[in-house]
Amino acid sequence: MNAIDLAQAREQSTPPPDTGSAPGQSMARLLRPYIWSFAAVVILQVIGAVAGLAPLLAVVELGRTLLSPGPIDHDHVWIVVIAGAVGLFVRLLFTAASSGIGHLVDGQVQLTFRRQLAARLGRVPIGWFSRRGTGELAKVVGEDVGAVHPFIAHTPGELVSAFVVPLVSLIYLFTIDWRLTLITLIPV
């Protein structure tokens, strides 16, 4: 095999895969610098989710107060209403902060990912590009990288809310009446 045959064979080959790393390991290595940002997203979302239960608990307390026999304690009613409103405000503030940080991390990860793809594509032979359409490259660099957006920006916060709210609600219900709570879990 002469030098021309070697050059043609090299030009027809695809870019070499990353050796020694599985896709999961590559993703973990890519996300490792952002672990503290993800922790902030989770902590802010936990605080927001728990605070979001305050208006519901305020309604329960208002019902108890207004339905109790005897005169209505107006000061207690106002304290409960204010506590519910503050809980709603805290929920909005912390979930917005969590979402904002998640979206900032998403932008940073996508930028890093695109830079790594560009560096990798800069090392492939020119002939490799001639066999691929611009649409295929645009899809990989644009759409496929953009497809990680829900995973990075939304999933951590939504998963936390999906677990924290029912868990805190169950704990609250168990403190009220554990037998009634067990009955409510039967359909689940």
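Here is a walk through this structure, from the overall fold down to two single residues. Keep in mind that the model is predicted.

Let's start with the big picture. The protein has nine helices and zero strands, so if you read along the sequence, the pattern is simply α-α-α-α-α-α-α-α-α. There are 188 residues, and buried ones make up 22% of them. The accessible surface comes to about 12,700 Å², with 71% of that belonging to carbon and sulfur atoms. How do contacts link up parts of the chain? Take the contacts between residues at least 6 apart in sequence: 82% of those join residues at least 24 apart.

Now let's look at how some of the helices pack. A good place to begin is helix H5, which covers residues 74–121. One of its partners is H3, residues 35–51. The axes of H3 and H5 come within 8 Å and cross at roughly 160°. Angles over 145 degrees count as roughly antiparallel, and that makes H3 roughly antiparallel to H5. The crossing of this pair is left-handed. From H3, the contact draws on residues including Val41, Leu44, Gln45, Gly48 and Ala51, while H5 brings, among others, Arg91, Phe94, Ser98 and Ile101. Sorted by class, the contact of H3 with H5 has twelve nonpolar, seven polar and one charged residues.

Two residues on H5 are worth zooming in on. Is serine 98 buried or exposed? With a relative accessible area of 1%, serine 98 is buried, because anything under 20% counts that way. Leaving out residues up to four places away in sequence, serine 98 touches Val41, Leu44 and Gln45, and those three belong to the H3 side of the contact between H3 and H5.

Arginine 91 also lies in H5. Its relative accessible area is 34%, so arginine 91 is partly exposed. Which residues does arginine 91 touch, not counting those up to four places away in sequence? They are Gly48, Ala51 and Gly52. You can also check a distance here: the C-alpha atoms of arginine 91 and glutamine 45 are separated by 8.5 Å, although these residues are 46 residues apart along the chain.

H5 has another partner to look at, H7, made of residues 134–146. The axes of H5 and H7 come within 10 Å and cross at roughly 155°. These two helices are therefore roughly antiparallel to each other. H5 passes H7 in a right-handed crossing. On the H5 side, the contact is made by Gln110, Phe113, Arg114, Leu117 and Leu121, and they meet Val140, Val141, Gly142, Val145 and Gly146 of H7. By class, that gives six nonpolar, three polar and one charged residues.

Finally, go back to H3 and find H8, residues 149–176. H3 and H8 pack at an angle of about 40°, with their axes 9 Å apart, and their crossing is right-handed. Among the residues making this contact are Phe38, Val41, Gln45 and Ala49 of H3, along with Ile152, Pro156, Val160 and Val164 of H8. What classes of residue make up the contact of H3 with H8? It has twelve nonpolar, three polar and no charged residues. Notice Val41 and Gln45 of H3: they take part in the contact with H8, and they also appear in the contact with H5.

Notes
Residues numbered from 1 in each chain as written. Predicted model: local features only at pLDDT ≥ 70, side-chain atom pairs only at ≥ 80, totals over all residues. Heavy atoms only, no water. Helix = DSSP H or I, 4+ residues; strand = E, 2+ residues; numbered from the N terminus. Buried < 20%, exposed > 50% of the residue type's maximum accessible area, 1.4 Å probe, protein only. Contact = heavy atoms within 4.5 Å. Axes fitted to C-alpha atoms, helices over the stretch in contact; angles between N-to-C directions. Parallel < 35°, antiparallel > 145°, perpendicular 65-115°, else oblique. Left-handed = near helix turned anticlockwise from the far one by under 90°. Nonpolar A, V, L, I, M, F, W, Y, C, P; charged D, E, K, R; others polar. Areas by Shrake-Rupley, 256 points an atom, 1.4 Å probe, with all protein chains shown as cover.
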